[in-house]
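Biologist: Could you walk me through this model and tell me how each label is earned?

Modeller: Gladly, let us look at it together.

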Amino acid sequence: MIQFAEPDTWDKPSAAPGWWNRDVMAHLAAADTAAAQLVAGEPAQELDEFRAQLNGRGFVTDEWNAWTVNRRAEMQTRALIDTWGTAAESLLEHAARLSDDAWRDARFPWLAGDIAVTYLVQARVVEWFLHGEDMRATNGVAPGWQFGWQHWPVHLTIDLGVRMLPWTLAEAGHDLSGRSVKIEVDGPGQGEWHWGLGAGEVPGPNAHADASIVGRAPQLALVAGKRIDPDALLESGILVLGGDTAVAELVLRTMRAYV
């Protein structure tokens with residue numbers, strides 16, 4: 001998608017509020033460089049530099065994002081794109097070289113704390129998908145350029161949003177311990193999840209879900225990425241709530257596929 005973007009659109013606003021398309025690439029370049037360094041067993045130099053200047057303040061992801069984008073304001077767009085491409089390739093290459101034990105046990109110091117390599121890679125794929133959509137909104141690459149949605153980025157975005165539900169609900173001040181939700185979506189990214197809404201809760205194989213969300217996978221992925229308002233999807237029937245609809249709606253509005 002990047003190579004087919006109209007050249008003059010890099011200096012146009014993306015769908016990410018406050019960022020031009022080139023800023024999105026700056027953000028991705030910084031994050032994927034840090035991720036690649038960690039998976040390669042090296043210090044994440046820029047991430048460490050940012051943490052060092054916090055002087056005891058807590059880590060805020062939005063501050064990290066703004067800091068990395070602003071310090072790349074004078075870089076040429078092609079250099080940003082090349083940096084991101086090199087970093088993304090390095091991340092995938094080093095991840096592919098990890099042993100089975102590392103895939104199971106390795107943890108890396110990421111933005112909100114230590115993260116398993118499986119979730120670090122998944123989080124990066126989710127970022128590529130969501131920020132790709134942010135740029136595609138204004139970069140001249142029309143819908144359908146790739147013959148439609150790809151399964152894995154959509155599926156992984158929903159999956160991460162579902163896995164994070166106990167955390168995102170608690171962060172928003174909601175305690176749904178003892179409750180669970182079943183999600184069934186079709187189309188590219190299709191899948192089925194039955195997930196406990198309290199920390200560490202796993203519904204039994206014959207457990208009944210308290211609430212349900214059914215519909216189309218690509219649209220739910222964009223809801224999880226906070227790229228689309230669920231109201232229009234509910235009104236059109238693209239997403240349908242069932243069971244305890246108050247719980248289902250709370251889950252839908254709280255779901256988030258990023259820290």
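Biologist: Let us start with a single side chain. Why is Phe50 called buried?

Modeller: Phe50 has a relative accessible area of 2%. Buried means under 20% relative accessible area, exposed means over 50%, and partly exposed is in between, with a 1.4 Å probe and protein chains only. At 2%, Phe50 therefore counts as buried. A word on the source: this is a predicted model, where local features need pLDDT of at least 70 and side-chain atom pairs count only at pLDDT 80 or more, while totals for chains, interfaces and linings use all residues. Residues are numbered from 1 along each chain as its sequence is written, and side-chain values use heavy atoms, with hydrogens and water left out.

Biologist: Thanks! Where does Phe50 lie, and what does Phe50 touch?

Modeller: Phe50 lies in helix H2, residues 45-52; helices are DSSP runs of H or I with at least four residues, strands are runs of E with at least two, and both are numbered from the N terminus. Leaving aside residues up to four places away in sequence, Phe50 touches Phe59, Val60, Glu63, Trp64 and Trp67, where contact means heavy atoms within 4.5 Å. With Glu63, 13 residues along the chain, the C-alpha separation is 9.4 Å.

Biologist: Val60 is on that list. What makes Val60 partly exposed?

Modeller: Its relative accessible area is 36%, which falls between the two cut-offs, so the label is partly exposed. Val60 is found in the loop between H2 and H3. Its C-alpha is 8.2 Å from that of Leu111, although the two are 51 residues apart in sequence.

Biologist: Asn55 is in that loop too. Is Asn55 buried or exposed?

Modeller: Asn55 counts as exposed, because 70% relative accessibility is over the 50% cut-off. The loop runs between H2 and helix H3 (61-70).

Biologist: What is notable about the phi of Asn55?

Modeller: Phi of Asn55 is positive, about 55°, although the residue is not a glycine. Most residues other than glycine have a negative phi. Lys226 also has a positive phi, near 60°. Lys226 sits in the loop between helix H9 (217-224) and helix H10 (230-236), and at 38% relative accessible area Lys226 is partly exposed.

Biologist: And how do you know that Asp159 is buried?

Modeller: Its relative accessible area is 9%, under the 20% limit, so Asp159 is buried. Asp159 lies in helix H7 (residues 151-163) and touches Gln122 and Trp193, not counting residues up to four places away in sequence.

Biologist: What makes the span of H6 close to the expected one?

Modeller: The expected span is 1.5 Å times one less than the number of residues. Helix H6 (residues 117-136) has 20 residues and reaches 28 Å from its first C-alpha to its last, close to the 28 Å expected. H6 is mostly covered, with 16 of its 20 residues buried.

Biologist: Finally, how do you know that the radius of gyration of the chain agrees with a compact globule?

Modeller: The radius is taken over C-alpha atoms, and the globule rule is 2.2 Å times the number of residues to the power 0.38. For 259 residues that gives a value near 18 Å, and the chain has 19 Å, which agrees. The chain holds eleven helices and six strands, and 47% of its residues count as buried.
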